[in-house]
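These are my notebook entries on one chain. I set down what I looked up, entry by entry.

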Amino acid sequence: VQLQASGGGLVQAGGSLRLSCAASGRTFSSYDMGWFRQAPGKEREFVSAISRSGIITYYADSVKGRFTISRDNAKNTVSLQMNSLKSDDTAVYYCAAVQRGGSYSAVLTGPREYNYWGQGTQVTVSS
């Protein structure tokens with residue numbers, strides 16, 4: 001699967017942005033999708049993930065209550081609505097995918113657990 005992230009930009013603290021990730025291929029609904037971010041000088045960190053059906057979602061504590069992940073399997077897209085943005089949210093945001101089968105009760109949160117990555121989109125929050 002190929003991933004293309006978009007929607008980043010410059011926003012003032014307290015503002016909102018919506019990131020989107022478009023996926024190619026006909027098996028999008030078999031992939032869990034995740035959002036990660038990487039700030040300069042820091043390791044890539046988990047932000048949020050959603051299961052292939054959209055039923056299971058999970059958020060990093062730092063974004064819980066402010067960010068919302070969603071997906072549209074008919075359109076092969078996953079989105080991240082980011083509200084109440086803070087300067088600490090400044091980073092390059094990446095969408096990622098991992099194909100999963102069978103039943104499970106939790107999404108994956110480690111970057112190394114995801115096989116496919118988009119190119120990243122810059123989010124800059126000015127204080």
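**Entry 1: valine 107**

Where is the place of valine 107? I found valine 107 in the loop between strand 9 and strand 10; strands here are DSSP runs of E with at least two residues, helices are runs of H or I with at least four, and both are numbered from the N terminus. The model is a predicted one: local features need pLDDT of at least 70, side-chain atom pairs count only at pLDDT 80 or more, and totals for chains, interfaces and linings use all residues. Residues are numbered from 1 along each chain as its sequence is written, and side-chain values use heavy atoms, with hydrogens and water left out.

Is valine 107 buried or exposed? I noted a relative accessible area of 10%, so valine 107 is buried; buried means under 20%, exposed over 50%, and partly exposed in between, with a 1.4 Å probe and protein chains only. Leaving aside residues up to four places away in sequence, I listed what valine 107 touches: Asp32, Ala49, Ile50, Ser51, Ile56, Tyr58 and Arg100. Contact here means heavy atoms within 4.5 Å. I also looked up serine 48, which is 59 residues from valine 107 along the chain, with 9.2 Å between the two C-alpha atoms.

**Entry 2: strand 9**

I turned next to strand 9, where 7 of the 9 residues are buried, so this strand is largely enclosed by the rest of the structure. Strand 9 runs antiparallel to strand 4, and 8 bridges join the two; two strands pair if DSSP finds at least two bridges between them. Within that pairing I recorded cysteine 95 of strand 9 as the bridge partner of tryptophan 35. Strand 11 (residues 121-126) is joined to strand 9 by 3 bridges, again antiparallel, and valine 123 in strand 11 stands opposite alanine 91. Strand 10 is antiparallel to strand 9 through 2 bridges, with tyrosine 116 as the bridge partner of alanine 97.

**Entry 3: the open sheet**

I traced an open sheet of 4 strands in the order 1-3-8-7, with antiparallel pairing. Its edge strands, each pairing on one side only, are strand 1 (3-6) and strand 7 (67-72). Strand 3 (residues 17-23) pairs with strand 8 (residues 77-82) over 6 bridges, and I noted leucine 80 of strand 8 as the bridge partner of leucine 19.

**Entry 4: aromatic rings**

How many aromatic pairs does the structure hold? I counted 6; rings of Phe, Tyr and Trp (its six-membered ring) pair if their centres lie within 6.5 Å, and planes under 30 degrees apart count as stacked, over 60 as edge-to-face and the rest as tilted. For phenylalanine 36 and tyrosine 114 the centres are 5.2 Å apart and the planes stand at 75°, so I entered this pair as edge-to-face. Phenylalanine 36 belongs to strand 4 (residues 31-38) and tyrosine 114 to the loop between strand 9 (91-99) and strand 10 (116-117), so the pair ties together parts 78 residues apart in sequence. Both residues are buried. One aromatic cluster is formed by Phe36, Phe46, Tyr58, Tyr94, Tyr114 and Trp117.

**Entry 5: the whole chain**

I closed with the protein chain, which has 11 strands and 0 helices. Buried residues account for 43% of its 127 residues. Of the contacts between residues at least 6 apart in sequence, 60% join residues at least 24 apart. The C-alpha trace spans about 45 × 25 × 25 Å along its principal axes.
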